[in-house]
Amino acid sequence: MKVVRGGMLFNVSQLLKEPTGFARAYTDDEVRPLNEAGHEVRIVGEVQMLRTDKGIWVEAKLIGGMTCSCSLCLMEFDQPIEVHIQEEFLPQVDINTGARVNHAGEQDEDFYISRNHILDLTDAARQYFDINAPMRPVCTEQCKGICLVCGVNRNEGECACQENQIDPRWSALVGLTAARTPDAN
Ligand SMILES: [Zn+2]
Ligand SMILES: [Zn+2]
């Protein structure tokens, strides 16, 4: 079986001829581009395929670097995302007879092997990476974000306005402290 360059395509014609329970594994260090919404996702990982009675069960552990915008400082950075794909792919034609396979009760979300026996992991990977992408990506745990007053990226330098500004969420607490202080005496 061969990994076709430039995509996540696996020719599974040999595996489809194997008996149920037959497994193949791939370790692929090859960097693969996958374009999603203009972002390039570089993917490496391990792919295991198991012949089932209906098709091929795929288990893939993939790590992709997704370009994200930091939700605090807005800078773009490479966010590593790990996904664990578990999906069954169903053939559209019978490998031995070439006859069309009818999948009773088939659903839109099912994955299919192409008529020329190419199993394309691209759509599945895209769905899993989308689901696992962080809702609020942060470039580093130490990210200071941007100054809400002047817009300066505070990772790159402090601004003058910062000292005088109090986050409105804290101002109520500051007022509380000030009100209590005279009571101390
Ligand atoms: Zn940041
Ligand atoms: Zn500022």
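## Ser13 and its surroundings

Two residues are said to be in contact when heavy atoms of theirs lie within 4.5 Å of each other. In this predicted model, Ser13 touches Ile95 and His117 by that criterion, once residues up to four places away in sequence are set aside.

Ser13 belongs to helix 1, which covers residues 13-17. Its relative accessibility is 18%, and because buried means under 20%, Ser13 counts as buried. The side chain of Ser13 also takes part in a polar contact, at 2.9 Å, with the side chain of Asn11.

## The zinc site

Which residues coordinate the zinc ion (ligand 1)? Four cysteines do so through their SG atoms, namely Cys70, Cys73, Cys139 and Cys143, at 2.3 to 2.4 Å. The angles among the four donor atoms run from 105 to 113 degrees, and the site of the zinc ion (ligand 1) is tetrahedral. Along the sequence, the donor residues follow the spacing C-x2-C-x65-C-x3-C. Within this set, Cys73 and Cys143 link distant parts of the chain, being 70 residues apart: Cys73 sits in the loop between strand 5 (56-69) and strand 6 (76-91), while Cys143 sits in the loop between helix 2 (122-132) and helix 3 (168-180).

As for accessibility among these donors, Cys73 and Cys143 are both buried. Cys139, by contrast, has a relative accessibility of 25%, and it counts as partly exposed because that class lies between the 20% limit for buried and the 50% limit for exposed.

## Other cysteines

Cys150 is found in the loop between helix 2 and helix 3, where Cys143 is also placed. Is Cys150 buried, partly exposed or exposed? With a relative accessibility of 41%, Cys150 counts as partly exposed, whereas Cys147 is buried, its relative accessible area being 7%.

When neighbours within four places in sequence are left aside, Cys150 is in contact with Cys159 and Cys161. The C-alpha atoms of Cys150 and Cys161 are separated by 7.4 Å, and these two residues stand eleven residues apart along the chain. How many disulfides does a search of the whole structure find? The search finds zero, and the contacts of Cys150 with Cys159 and Cys161 are therefore not disulfides, since a disulfide is a pair of cysteine sulfur atoms within 2.5 Å.

Notes. Residues are numbered from 1 along each chain as its sequence is written. Chains are lettered from A and ligands numbered from 1 in the order in which they are written. This is a predicted model: local features need pLDDT of at least 70, side-chain atom pairs count only at pLDDT 80 or more; totals for chains, interfaces and linings use all residues. Side-chain values use heavy atoms; hydrogens and water are left out. Buried means under 20% relative accessible area, exposed over 50%, partly exposed in between (1.4 Å probe, protein chains only). Donors are N, O and S atoms within 2.8 Å of the metal (3.2 Å for Na, K and Ca); water is not among the atoms, so sites may look incomplete. Four donors count as tetrahedral if all angles lie between 85 and 135 degrees; four count as square planar and six as octahedral if opposite donors are over 155 degrees apart and all others between 65 and 115; anything else is irregular. Helices (H or I, at least four residues) and strands (E, at least two) are DSSP runs, numbered from the N terminus. A polar contact is a pair of N or O atoms within 3.5 Å; within protein, one must be able to donate a hydrogen and the other to accept it, and residues adjacent in sequence count only if both atoms are side-chain atoms.
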